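Please walk through this structure with attention to the ligand site and to some details of the backbone and aromatic side chains.

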Amino acid sequence: MKLYSYYRSQATFRVRIALNLKGLKREDSFVHLEHGDQYAGEYKALNPQMVVPTLIDGGAKLFQSMAILEYLEEKYPEPPILPKDPLARAWVRGFALVNVADSHPLIVPRVRKYFTEVLKLGEAERLGWIRHWIRLGLEAMETLLAEHRESGRFCHGTAPTVADICLVTQVTPAQMFKVELAPYQRAMRVYESAMAIPAFAEAHPSKQPDAE
Ligand SMILES: N[C@@H](CCC(=O)N[C@@H](CS)C(=O)NCC(=O)O)C(=O)O
């Protein structure tokens, strides 16, 4: 498998974790988002949204991290990253989408760039925006964990799922943008449990060969 990746990309981090959990080997191809590699001809032709990740498996192109996680689960079911029970699956997917659909898209580089280059907003406003949406996602996750009977060490049950993967990719930008994490004790407990697993730890942005 070939993974088009950028060390700081939260969406790619999700895919790296899932590949590691399932013991799948990959070759990385690095797309430097700050240098604008995503807009270059070859990558633009591969991924028309000009975003990472893109995963190539057996010559087929896969895009959008959530679709890739679902694909990996269907094609390589062991160990599972979704529960069996339909209600639990829906909860796990819903939890994951707090990050993937409603929080992360608001803080991606192209949105941040629009602030400075088009709206001409200053650093304080840009940072305020980023921190606001990260906090809102964390608050929702904290409440969901508090009301979910099957959360504890992990978001759901006794093994990591897609929910834990997406909780981790909510917390890492919070750390990067210096959001106060003390109010999110349940989320941080899950974060620590997940990051104690090598599949998560080795996928962390700081462990990638292109990390700066
Ligand atoms: N919904 C997409 C998001 C992909 C995405 O926005 N990736 C970011 C990095 S985390 C990116 O490549 N951004 C490039 C840019 O904003 O210019 C997914 O989950 O795969």
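What follows starts at the ligand and then turns to an aromatic pair and to the loops.

The model is a predicted one, and its ligand sits in the largest pocket. Two elements, α1 (residues 10–21) and α5 (residues 109–117), each give two or more residues to the shell around the ligand. Of the elements, α1 gives the most, with three residues. The shell is made up of nine nonpolar, six polar and two charged residues. There are 17 residues around the ligand, and those that come nearest are Q38, V52, Q64, S65 and R110.

Three polar contacts to ligand oxygen atoms can be followed one by one. For S65, a polar side-chain atom lies 2.6 Å from an oxygen atom of the ligand. V52 makes its contact through the backbone: an N or O atom there is 2.8 Å from a ligand oxygen. In Y39 the side chain is used again, with a polar atom 3.5 Å from an oxygen of the ligand. How much of the ligand does the protein bury? Taken alone, the ligand exposes 510 Å², and the protein buries 94% of that area.

V52 also leads to a feature of the backbone. The peptide bond from V52 to P53 is cis, with omega near 10°. P53 belongs to the loop between α2 and β3, the latter spanning residues 54–57. V52 is thus a residue with two roles in this description: its backbone contacts a ligand oxygen, and its bond to P53 is cis.

A cis peptide bond also joins E78 and P79, where omega is about -15°. P79 is placed in the loop between α3 (residues 65–75) and α4 (residues 86–100).

The loop between α5 and α6 (residues 123–147) holds another backbone feature, at K120. Here phi is near 55°, a positive value in a residue other than glycine.

The aromatic side chains come last. The count of aromatic pairs is five. One of them is formed by Y4 and Y43, whose ring centres are 5.5 Å apart and whose planes make an angle of 50°, a tilted arrangement. Which parts of the chain does this pair tie together? Y4 lies in strand β1 (residues 2–5) and Y43 in helix α2 (residues 41–46), so the pair links parts that are 39 residues apart in sequence. Helix α2 also borders the loop that carries P53.

Terms used:
Residues are numbered from 1 along each chain as its sequence is written. This is a predicted model: local features need pLDDT of at least 70, side-chain atom pairs count only at pLDDT 80 or more; totals for chains, interfaces and linings use all residues. Side-chain values use heavy atoms; hydrogens and water are left out. A residue is near a molecule or strand if one of its heavy atoms lies within 4 Å of it. A polar contact is a pair of N or O atoms within 3.5 Å; within protein, one must be able to donate a hydrogen and the other to accept it, and residues adjacent in sequence count only if both atoms are side-chain atoms. Accessible areas come from the Shrake-Rupley method with a 1.4 Å probe; for residues, only the protein chains shown count as cover. On a 1 Å grid over the protein atoms alone, a cavity is a set of points where a 1.4 Å probe fits but cannot get out, and a pocket is an open set with protein on both sides within 12 Å along at least five of seven lines; lining residues have an atom within 4 Å of a point. A molecule sits in a cavity or pocket if more than half of its atoms lie within 2 Å of its grid points. Helices (H or I, at least four residues) and strands (E, at least two) are DSSP runs, numbered from the N terminus. Ala, Val, Leu, Ile, Met, Phe, Trp, Tyr, Cys and Pro count as nonpolar, Asp, Glu, Lys and Arg as charged, and the others, Gly among them, as polar. Rings of Phe, Tyr and Trp (its six-membered ring) pair if their centres lie within 6.5 Å; planes under 30 degrees apart count as stacked, over 60 as edge-to-face and the rest as tilted.
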